[in-house]
Amino acid sequence: MQAEIVVTLGRAAVQTTLLLSLPLLLLTLVVGFVISLFQAATQINEATLSFIPKLTLLLIALVVLGPWMITILTTYTRELYLSIPAVIQN
């Protein structure tokens, strides 16, 4: 197997992983920041005040973004399976 093929497959895996995880991570980051500002302003130190909204919005985002994420993952998997003959020949 040539190094180019391995690098290409690895790059595609990292790109797919980042593409799928970044929207959820950014949403969680923004929600956590807003809640921490609220906690600092009101001086409320309650752990569930941060956890419950993050979890709720993450579940909503998964429901909204789920079809798009499955499409991206299915496309990546299909391309990976289609590249098997090229990998075997080299």
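**View 1. Asn 45 sits in the loop between α1 and α2.** This is a predicted model, so to speak of a local feature takes a pLDDT of at least 70, side-chain atom pairs count only at pLDDT 80 or more, and totals for chains, interfaces and linings use all residues. Residues are numbered from 1 along each chain as its sequence is written, and side-chain values use heavy atoms, with hydrogens and water left out. Helices here are DSSP runs (H or I, at least four residues; strands would be E, at least two), numbered from the N terminus. Asn 45 is exposed, at 73% relative accessible area; for the cut-offs, buried is under 20%, exposed is over 50%, and partly exposed is in between, with a 1.4 Å probe and protein chains only. Go from Asn 45 to Ser 21, 24 residues apart along the chain, and the C-alpha atoms turn out to be separated by 29 Å.

**View 2. Gln 43 shares the loop between α1 and α2.** Have a look at the backbone here: phi of Gln 43 is near 55°, a positive value in a residue that isn't glycine. Most residues other than glycine have a negative phi. The residue is out in the open too, since Gln 43 has a relative accessible area of 69% and counts as exposed.

**View 3. Gln 39 and Thr 42 both belong to helix α1.** Gln 39 is buried, with a relative accessible area of 16%. Setting aside neighbours within four places in sequence, Gln 39 touches Ile 44, Glu 46, Leu 49 and Ser 50, where contact means heavy atoms within 4.5 Å. Thr 42, by comparison, is partly exposed at 35%. From Thr 42 to Thr 77, 35 residues apart along the chain, the C-alpha separation is 48 Å.

**View 4. Thr 16 is another residue of helix α1.** At 11% relative accessibility, Thr 16 counts as buried. Leaving out neighbours within four places in sequence, its contacts are Ile 72, Leu 73 and Tyr 76. Tyr 76 is itself one of the buried residues of α2.

**View 5. Helix α2 (residues 47–82) has a kink at Leu 65.** The bend there is about 55° and comes shortly before the proline Pro 67; it is the angle between axes fitted to the seven residues ending at a position and the seven starting there. The buried residues of α2 are Ser 50, Ala 61, Gly 66, Met 69 and Tyr 76, and these pack against α1.

**View 6. Six residues make up a nonpolar surface patch.** Val 14, Leu 18, Leu 22, Leu 25, Leu 26 and Leu 29 form this patch of about 570 Å². Patch members need over 30% relative accessible area and no salt bridge; like charges are joined within 9 Å, and nonpolar side chains (Val, Leu, Ile, Met, Phe, Trp, Tyr) within 5 Å. Areas come from the Shrake-Rupley method with a 1.4 Å probe, and for residues only the protein chains shown count as cover. A salt bridge means a side-chain nitrogen of Lys or Arg within 4 Å of a carboxyl oxygen of Asp or Glu. Leu 22 sits in helix α1 (residues 3–42) and is partly exposed at 40%.

**View 7. Confidence varies among the elements.** The protein averages a pLDDT (the predictor's confidence in each residue, from 0 to 100) of 89, and 98% of the residues score at least 70. Helix α3 (residues 84–89) has the lowest mean of the elements, 81, while α2 has the highest, 92.
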